[in-house]
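Student: I am new to this structure and would like a close look at one part of it, namely its nonpolar interior. Please take me through that part slowly, explain each term as it comes up, and then set it in its surroundings.

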Amino acid sequence: MLNDLKAQLKDRFAKWELTHGQFESVPVHFNAGKLSSIKDREYFHFATRAFKDGRIGFADTNDTKNLDQFTSNLDRSIENGQNAEFNFALTPPQSTIRTYDENVFFMGKGEIVDIGKTIVDKIHRVYPDIVVNVTLVKSVGEIFIENSNGLTLAEEKSNFTISIVLEKVTDDDILYISDERDSASIDVDYNQMVDGLLDKVKHTERVVSLKSKTIPVIFAEYGTHVLFMPLTMGLNGKNVLLKTSPLADKLGTEIFDQKFSLIDCGKMDFTTSSRNFDDEGTQRRDTILIENGMLRNFIYDQHTGSLAGKESTGSCFRGDIKYWDGSTLPQVKKGIWNVTRGDTSFNDLIKSLDSGLIVYDVLGLGQGNVMAGEFSLNVSLGFVVEHGEIVGRAKNVMIAGNVYDSLKKIDCITNTLPWDKDSLNCPPIVVSNVNLTI
Amino acid sequence: MRELLFEILNESKASFTEIRIEKSYFSEVRFRGKELDSIGSSTSVGGIVRCLENGGWGIAVFDSLDNIPYHLEKACESAKMVGSTLPDEKKVLLCSVPPVEDEISAKMDRDFREIPINEKKRLLEGYNDLILCSDRRIVSSHVYYFDKFIDYYYANSEGTYIHEERPDLSLYLGAIAKDSESVQNSVEGVSGKSGYNIALRHEDLAKEAAKRACDLLTAKPVVGGTYEVILDQVIAGTFVHEAFGHLSESDHLFENEKLRNIMTLGKEIGPKFLNILDDGSIRGLRGTHKYDDEGVCTRKNYLVRDGVLVGRLHSRETAKKMNENPTGNARALNYQHEPIVRMTNTYIDKGSTSFDEILVSTKNGIYAKGFIGGNTAMELFTFSAAYGYAVRDGKIEELRRDIVLSGNLFKTLLDIEFIGNDLEWKELGGCGKNGQNGLPTPHASPHIKIGNVMVGGR
């Protein structure tokens, strides 16, 4: 069927792109410590973009039996589509990044179940009353891209994800502590995950009040997402073109503290986000976004790059870089973002603080004026530092501020990152101009 | 389809099997700024098999209907594997429900599948132009329309067969304003399942979104602290969804004894005039279906009556485990997911106080309006208002922005001081849980006033 479709596209359109992806995944779920379900999921989808008379259209489906409907949808989309003049990817990308580990393919359901049981048992040995939920997912698949420039690309992908959520209930106090790690290989260190979670549980045994509203805030692990959600919008070339990004006219200027450097990284092996090319076949590459506080680049795809007079940075994805979604129009999205580490270890940082609040997790992320950099969030998992030690859990605390202000003055970026294979790798980062409501 | 599904079910070796098939049609139009961002239609087909054998669940999801028996066998094998690991007291049992056979047709004023895509584009273009031309401070827009029609089939090994047509439509009208100091955005929208006419004649909403985005440029952010808060119907509905609704979902409770003890039926959880319900049978709402995704009849469920916790939301599994009646709340986002316990249409029932009385009672507070979103960690929750006003001595004063309210379930419900008499439904948006994001869960409330709400701010 895809061959028939390709023949039609060649016949009818001067510029076209055909992509399809097929994946098989096995999610295994433990609920309250017991094996709850095993799932087999097959996913197949294909999509096309094509130009005619200066307009671009898009169609997608997973229904291989209805080519007529698909081509009709494509025609209607083109007839009514936006005016556009850009080229699909032209240059065959190099394939040097490793994205597939066959050990994931060969991982049996029994093996996955055993890992889940090990995680549950390890936590229950220390805290028998904590409810432990674990989801483990293995996934393998392949993405194909062909276009009218003669590009024919295929990339295998594998993924192994472990997600652990602990529920700790005492009297009227309900607390969730979680961690999630994924990798293209089977090397997710779940023992390290469990040790990190147990360490956090230990610190929640006491709830302490904050004595001051003006203390340094350490954004760590998932907490760093507070600082980056606005940047994913602000550094997006599409938003720069729309003039909605607060950074639109700040290229080449110092926008943040000199300690802060951010790279869109295209050269990491064996992460779930590792790709040799983006979802329109453009080579993934390292792009320096912010260098010692200076704004150096935005991210673009072929279309937005052509409108901005810039090259594509290989930042075009369907869904997001981790999880290909053929039903989604390809758009500019962040890749793997790495923040340059500082010189101080996390432990040394804590010892150096007279007072502070460590923010590991928040409620309400993304539910505000994110484009402007604003955040106002409840700290759902945070710890109080006093005189160089973590003294207990902070509760009923809200933090508020503006990321574009907060990152202008950074007290410290540490060098400690237990897991550096995520799509956002930022070590704990300390800022002082965050408002606390207690 | 009926014959095919029962033929396959008859081959199943599991003690219980269910199959859900969906054939979907989808169309969308999106403008961002002056430019059309996307336009098109798509179709998809797929299904899911769930087997229960020896007390364990096995599931298989597929994108082609060509070889369902193969997927059934996989699901059955997985179920046996899961069941073999479970001690007797942990094995899954399902509460009994009568089998049903039903065909439910959609009732639409105008079937959006018959509306040409260029007509939808013209409609959106009109709204988009209104927004962009309304004020020189408007720098961009985000105007988005989608419609979806699902031909839904469900059958199980107990003899239930349901064929339902499920339409859905949403229109978002977003305006983005910018000046030298700030960028602000504002969204209005509508949603529903009664057909294409839902999307028509919303020029006023488009203008309102643009005006508010501009007004927010000069509004001051709220100062963080604890306030008396009046919630309009929209944000109050979000409040009940986040603050209470999720903790009513029994799959959070049924394997967690301590949580069940905290949420014991009969516990006083709010003032005597507080009544909270979830009702999947209310005519015409997006969260309404005659049956849930296990074939159980939906119904009106009291969760809180006269301030007392009286009910929960269940799937067949949680109802059996907790020895309570099924409630028709097992829902799946689409065929790629198994059903989990979800809200349907959740609301605070109307009280007897007028809005004017609520306002007059407020000495120093915030009147929060509209919603951006909400989030919960069961005990703690947040919800974000689209905008609001300072209230002093019973009067609505200056516009405020960046209003994020947070609370503690066990305290905040008890701090409700007034419940208004002006119930309104909000259908736009959806709920996320366990990776199933965007499920329609309309919510409603009258105006309510809560004392002592923590509001984040600078």
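Tutor: What follows begins with the interior, moves to some residues beside it and elsewhere, and ends with the two chains as wholes.

This is a predicted model, in which local features need pLDDT of at least 70 and side-chain atom pairs count only at pLDDT 80 or more, while totals for chains, interfaces and linings use all residues. Residues are numbered from 1 along each chain as its sequence is written, chains are lettered from A and ligands numbered from 1 in the order in which they are written, and side-chain values use heavy atoms, with hydrogens and water left out.

A nonpolar core is a set of buried Ala, Val, Leu, Ile, Met, Phe, Trp, Tyr and Cys residues joined through side-chain atoms within 4.5 Å; buried means under 20% relative accessible area, exposed over 50%, and partly exposed in between (1.4 Å probe, protein chains only). The largest such core holds 50 residues, and those with the most contacts inside it are I174(A), L231(B), F239(B), F244(B), M263(B) and L405(B). Helix α5 of chain B, residues 233–245, gives the most to this core, namely 6 residues; helices (H or I, at least four residues) and strands (E, at least two) are DSSP runs, numbered from the N terminus. Apart from this core lies another, of 48 residues, which includes F256(A), W337(A), V339(A) and V403(A).

F239(B) shows what such packing looks like around one side chain. Contact means heavy atoms within 4.5 Å, and, not counting residues up to four places away in sequence, F239(B) touches L231(B), F244(B), I348(B), F381(B), F383(B), T412(B), L413(B), I416(B), I448(B) and I450(B).

Next come two neighbours in one loop of chain B. Both M378(B) and E379(B) sit in the loop between β17 (373–377) and β18 (380–384) of chain B. E379(B) counts as buried because its relative accessible area is 2%. With its neighbours within four places left aside, E379(B) is in contact with D172(A), D173(A), I174(A) and K395(A) in chain A, and with G407(B), N408(B), L409(B) and F410(B) in chain B. I174(A) thus appears in that contact list as well as among the residues with the most contacts inside the largest core. M378(B), at 5% relative accessibility, is buried too, and its phi is positive, about 70°, although it is not a glycine. Most residues other than glycine have a negative phi.

E221(A) offers another positive phi, of about 50°, and it is not a glycine either. E221(A) belongs to the loop between β9 (217–219) and α6 (225–234) of chain A, where a relative accessibility of 36% makes it partly exposed.

A contact across the chains can also be followed from L242(A), in the loop between α7 (237–241) and β10 (262–265) of chain A. L242(A) is buried, at 14% relative accessible area, and beyond its neighbours up to four places away it touches R32(B), G33(B), V139(B) and S140(B). R206(A), by contrast, is exposed, because its relative accessible area is 51%; it lies in the loop between α5 (190–203) and β8 (207–208) of chain A and, leaving aside neighbours within four places, is in contact with V391(A), G392(A) and R393(A).

The chains themselves complete the setting. Chain A has 10 helices and 23 strands, and buried residues make up 63% of its 438 residues. Chain B has 9 helices and 27 strands, and its radius of gyration, taken over C-alpha atoms, is 24 Å, close to the 23 Å that the globule rule (2.2 Å times the number of residues to the power 0.38) gives for 458 residues, so chain B is as compact as a globular protein of that length. Of those 458 residues, 66% are buried. The C-alpha trace of chain A spans about 70 × 55 × 35 Å along its principal axes, and the C-alpha atoms of chain B fill a box of roughly 70 × 55 × 35 Å. Among contacts between residues at least 6 apart in sequence, those joining residues at least 24 apart amount to 72% in chain A, while in chain B residues 24 or more positions apart account for 74% of the contacts with a separation of 6 or more.
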